[in-house]
Amino acid sequence: MSPRVAAPERPSVPLPIRLGVSSCLLGQEVRYDGGHKRDRYLTDDLADYFEWVPVCPELEAGMGVPRPALRLQSGSGEVRLVEIKSGADRTDELERFSAKRVRALRGLSLCGYLLKKDSPSCGWTRVKVWNPKGMAERKGQGLFARALCEAFPGLPVEEEGRLRDAALRENFIERVFAYARLKQLFTGRWTAGRVVAFHTAHKLQLMAHSPAAYRTLGALVAEVAKTSRAEFRDQYEHLFMEALEKRATRGRNANVLNHCAGYFKKRIDPDARAELADLVEEYRQGFVPLVVPITLIRHHARMHDTAYLAGQTYLEPHPKELMLRNHV
Ligand code: SF4
């Protein structure tokens with residue numbers, strides 16, 4: 001048996017990671033009717049990993065609790081935020097508040113944001129917009145959510161409702177941890193060498209999402225010394241985060257897993273090779289979740305001299321205790 005070797009350090013980030021959140025999701029009684037929408041996945045399951053920065057745009061804009069319920073209303077070619085009963089237009093004050101609040105959030109190094117779905121202020125996507133005939137279409141975005149996304153284009157953003165989908169949940173948390181590592185890379189006086197090491201460590205993770213984006217990013221990294229620092233950082237961040245938003249399909253993951261298996265070809269016996277190949281195929285066909293072949297690969301990477309592989313973020317893009325890969 002090959003000797004057990006020490007694995008090189010994978011890029012990691014100190015915990016907890018700071019995320020913005022709609023205050024009502026933490027159980028704060030800030031809704032228009034004095035209620036809340038506590039989400040226990042956030043307050044319990046994620047509590048050890050994330051530090052929450054709560055924002056209730058409507059309350060903090062001075063609308064009080066209780067307050068008249070609001071909705072998005074179309075008319076005259078624009079969408080306005082209005083009180084449902086009186087029709088009073090609250091757009092300007094919420095837009096003013098949002099611009100100010102997102103400026104204040106800049107100093108907090110947020111690595112993600114969780115928004116309350118369906119809210120005309122916080123909803124990120126498919127918020128109801130009512131037309132003058134009283135019909136609603138799910139095509140709007142909350143006013144605060146819009147200001148947030150414009151101010152932080154690379155920031156991982158999700159709605160709590162979508163976290164019930166295992167694939168979306170895994171992808172969001174994967175992006176949060178990746179964004180935190182990226183911010184850590186670009187903090188202070190970063191070097192070309194650190195960029196290359198970061199990019200190398202994320203190779204398999206990027207390949208699982210988008211081999212094309214990995215190649216584009218590689219070409220960018222090759223030019224790092226010839227590009228202005230600010231331009232390089234902005235381009236790399238944009239393309240890196242855009243790549244991770246693409247779905248890591250079973251097919252692409254299976255390709256990456258087979259690539260990993262190639263590192264053990266000469267190091268493990270034929271039975272162990274066959275066992276690994278079978279597990280990857282079972283994963284590709286949907287019989288077992290991703291955690292199954294990954295666990296075996298991590299085991300082999302620990303036991304054998306595969307320093308490059310052991311340093312890949314793909315093997316542990318987020319804490320295994322969150323069990324996110326048990327369901328995808
Ligand atoms: Fe406040 Fe947003 Fe929650 Fe509404 S959805 S109560 S505006 S935090």
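**View 1. S76 sits in the loop between strand 3 and strand 4 (78-83).** This is a predicted model, and our tour begins with a single backbone angle. Look at phi of S76: the value is near 55°, so the sign is positive, and the residue is not a glycine. Why is that worth a glance? Most residues other than glycine have a negative phi.

**View 2. A cis peptide bond links L15 and P16.** Zoom in on the bond between L15 and P16, and you'll find an omega of about 0°. Where does P16 lie? Follow the chain to the segment before strand 1 (17-22), and there is P16. For background, most peptide bonds are trans.

**View 3. V65 and P66 are joined by a cis peptide bond too.** Here omega is about -5°. To place P66 in the fold, look in the loop that runs between helix 2 (57-63) and strand 3 (70-75).

**View 4. The ligand takes up the space of the largest pocket.** How many residues surround the ligand? Count around the ligand and you get 13. The closest are S23, C24, C56, K116 and C122, so to speak the front row. What kinds of residues make up this shell? The mix is 6 nonpolar, 3 polar and 4 charged.

**View 5. Helix 5 (residues 166-185) meets helix 6 (residues 192-201).** The two axes come within 11 Å and cross at roughly 165°. Angles over 145 degrees count as roughly antiparallel, and therefore helix 5 and helix 6 are roughly antiparallel to each other. What is the hand of the crossing, left or right? For helix 5 and helix 6, the crossing is right-handed.

**View 6. Helix 11 (residues 270-284) crosses helix 12 (residues 291-303).** In this last close-up, the axes of helix 11 and helix 12 come within 8 Å, with a crossing angle of roughly 150°. That angle makes helix 11 roughly antiparallel to helix 12. And the hand? Helix 11 passes helix 12 in a left-handed crossing, whereas the crossing of helix 5 and helix 6 is right-handed.

Key. Residues numbered from 1 in each chain as written. Predicted model: local features only at pLDDT ≥ 70, side-chain atom pairs only at ≥ 80, totals over all residues. Heavy atoms only, no water. Near = heavy atom within 4 Å. 1 Å grid on protein atoms, 1.4 Å probe; cavity = no way out; pocket = protein on both sides within 12 Å on 5 of 7 lines; lining within 4 Å. Sits in = over half its atoms within 2 Å of the grid points. Nonpolar A, V, L, I, M, F, W, Y, C, P; charged D, E, K, R; others polar. Axes fitted to C-alpha atoms, helices over the stretch in contact; angles between N-to-C directions. Helix = DSSP H or I, 4+ residues; strand = E, 2+ residues; numbered from the N terminus. Parallel < 35°, antiparallel > 145°, perpendicular 65-115°, else oblique. Left-handed = near helix turned anticlockwise from the far one by under 90°.
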